[in-house]
Structures are given as C-alpha cells and as structure tokens.
Amino acid sequence: MERILAERPWIAALVTAGGVSPRDREDMVQAVLMAAWMAVEGGRYCPDASVDPRRALRGWIHGIVWRKVGHHGQRACVRREIPVADPWRVHPEPPRDDELLVAARERLLAVRLALSRLPQRDRQMLALCAAGHGVREVARTLGMPSSTAAREIGRARRRLRVLLGR
C-alpha cells in the first residue's frame, strides 16, 4: 500500500489530465486509491515479474484511473442533472425566436462583411481551416511550405479578428 500511496501526486496529475473538475479531483484520487487497495487486498494485482515493479504498478494504476475518470463523467451529479418528480410535466421555456434570429443575422452579416474585406488568399485559407483541413493539407492545397501556411493562417485569423472587432 505504501508504494501505491507514493504514486499519489502522479495519480492526481492523471486525474487532472482526464478532465475532472477541480472540485471533484481529490475525491477521484481517493476513489482510485481505494479501488487499487481493494484490488490488492482481493489478490487482483498480479504484476509481470519481467517488468520493472514501479512501471508495472503505474501501468496498472493508469488503467484504474482511466476507468474511474471515464465513469465519473457519466455520473448524474457531474452532468448537472436536476431530478424532478414527474419529468414528463417539465416543459422548458423556449427561447424567443425573433430575438435569436435577429442576433444571429447580425452576427452573420458582420462575419460576411469582414470576410469580404479579406484578400482572396486569406479567405481560401480560412475556408479550408473551417472545413476541417489541417495546416499540412492547407499548405499542400495552396502549394506552400507548412511553416509558411501556419504563419499565413495565423495572420489571416488576426486580420479577421481585427475586422470583426470594428
């Protein structure tokens, strides 16, 4: 158990990297430690003798952390569900369509106007990025080195941001 407790900072780092919210991290570390301890007590920890003991322990704990963090995200309290007596009677108030449509149209018009003020090459790069293409694909499509494409995409984004700020 001492070896498992010695890995506590590493477990905390894994839990943090797993996306657990700060308010739940300490509880998750405790849950991982308890699960590991119970597995050791139950005889379910059988490390490979040919592997470094610390590496084997960390690999095994990593699996526990991975499962605990994965299940944690599915818990109702994490999803912020609100229990109600009769869920079929709950009707959320719909947003007012006219207000949302006006705001969306204004934003769309502002984006279109800003895009029309950009040079054609910037529009091409931003369109490719918006379609999900990476820097390498943009560079290949436009016939330039990847480093140049990355720099030019950054500049195009900054230009668009400046135009949208006006």
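Let me begin with a term: partly exposed describes a residue whose relative accessible area falls between the cut-offs for buried, under 20%, and exposed, over 50%. Glu 26, at 45% relative accessibility, therefore counts as partly exposed. Please keep in mind throughout that the structure before you is a predicted model.

I shall start with the charged pairs. Side chains of opposite charge can pair when their charged atoms come close. Across the whole structure, a search finds six salt bridges. One of them joins Arg 8 to Glu 26, with the closest N and O atoms 2.2 Å apart. Arg 8 belongs to helix 2, residues 8-17, and Glu 26 to helix 3, residues 22-41, so this pair ties together parts that are 18 residues apart in sequence. Like its partner, which I have just described, Arg 8 is partly exposed; its relative accessible area is 27%.

A second example is the salt bridge between Arg 159 and Asp 122, where the closest N and O atoms are 2.5 Å apart. This pair also links distant parts of the chain: Arg 159 sits in helix 9, residues 146-165, while Asp 122 sits in helix 7, residues 120-130, and the two are 37 residues apart. As for their surroundings, Arg 159 is partly exposed at 35% relative accessible area, whereas Asp 122 is buried at 3%.

The next salt bridge stays inside one helix. Arg 155 pairs with Glu 152, and their closest N and O atoms are 3.1 Å apart. Both residues lie in helix 9, three residues apart, so about one helical turn separates them. Arg 155 counts as partly exposed, at 34% relative accessibility. There is also a network: salt bridges that share partners join Glu 7, Arg 54 and Arg 58.

Let us look at Glu 7 in that network. Where does Glu 7 lie? Its place is the loop between helix 1, residues 2-6, and helix 2. Glu 7 is buried, with a relative accessible area of 4%. Setting aside residues up to four places away in sequence, Glu 7 touches Arg 54, Leu 57, Arg 58 and Ile 61.

Those contacts bring us to helix 4, which covers residues 53-72. Helix 4 has 20 residues and reaches 28 Å from its first C-alpha to its last, close to the 28 Å expected at 1.5 Å a residue. Its buried residues include Ala 56, Leu 57, Trp 60, Ile 61 and Ile 64.

Ile 4, in helix 1, offers another view of this region. Is Ile 4 buried or exposed? Ile 4 is buried, with a relative accessible area of 4%. Beyond its neighbours within four places in sequence, Ile 4 is in contact with Ile 11, Leu 33, Ala 36, Val 40, Leu 57, Trp 60 and Ile 61. Leu 57 and Ile 61 also appear among the residues that Glu 7 touches. In addition, Ile 4 and Trp 37 are 33 residues apart in sequence, and their C-alpha atoms are 8.0 Å apart in space.

Trp 60 leads to the aromatic residues. How many aromatic pairs does the structure hold? It holds one aromatic pair. The partners are Tyr 45 and Trp 60, in a tilted arrangement, at 4.4 Å centre to centre and with 40 degrees between the planes. Tyr 45 is in the loop between helix 3 and helix 4, and Trp 60 is in helix 4; the pair thus links distant parts of the chain, 15 residues apart. Tyr 45 is partly exposed, with a relative accessible area of 23%, while Trp 60 counts as buried at 18% relative accessibility.

I return briefly to helix 9, the home of Arg 155 and Glu 152. Helix 9 has 20 residues, and the distance from its first C-alpha to its last is 28 Å, close to the 28 Å expected at 1.5 Å a residue. Its buried residues are Ala 149, Glu 152, Ile 153, Gly 154, Ala 156, Leu 160 and Leu 163. Glu 152, the salt-bridge partner of Arg 155, is thus among the buried residues of this helix.

My last topic is cysteine. A disulfide is a covalent bond between the sulfur atoms of two cysteines. The structure holds zero disulfides. Cys 46 is exposed, with a relative accessible area of 65%, whereas Cys 129 counts as buried at 19% relative accessibility.

Conventions: Residues numbered from 1 in each chain as written. Predicted model: local features only at pLDDT ≥ 70, side-chain atom pairs only at ≥ 80, totals over all residues. Heavy atoms only, no water. Helix = DSSP H or I, 4+ residues; strand = E, 2+ residues; numbered from the N terminus. Expected span 1.5 Å × (residues − 1). Buried < 20%, exposed > 50% of the residue type's maximum accessible area, 1.4 Å probe, protein only. Salt bridge = Lys/Arg side-chain N within 4 Å of Asp/Glu carboxyl O. Phe/Tyr/Trp six-rings, centres within 6.5 Å; stacked < 30°, edge-to-face > 60°. Disulfide = S-S within 2.5 Å. Contact = heavy atoms within 4.5 Å.
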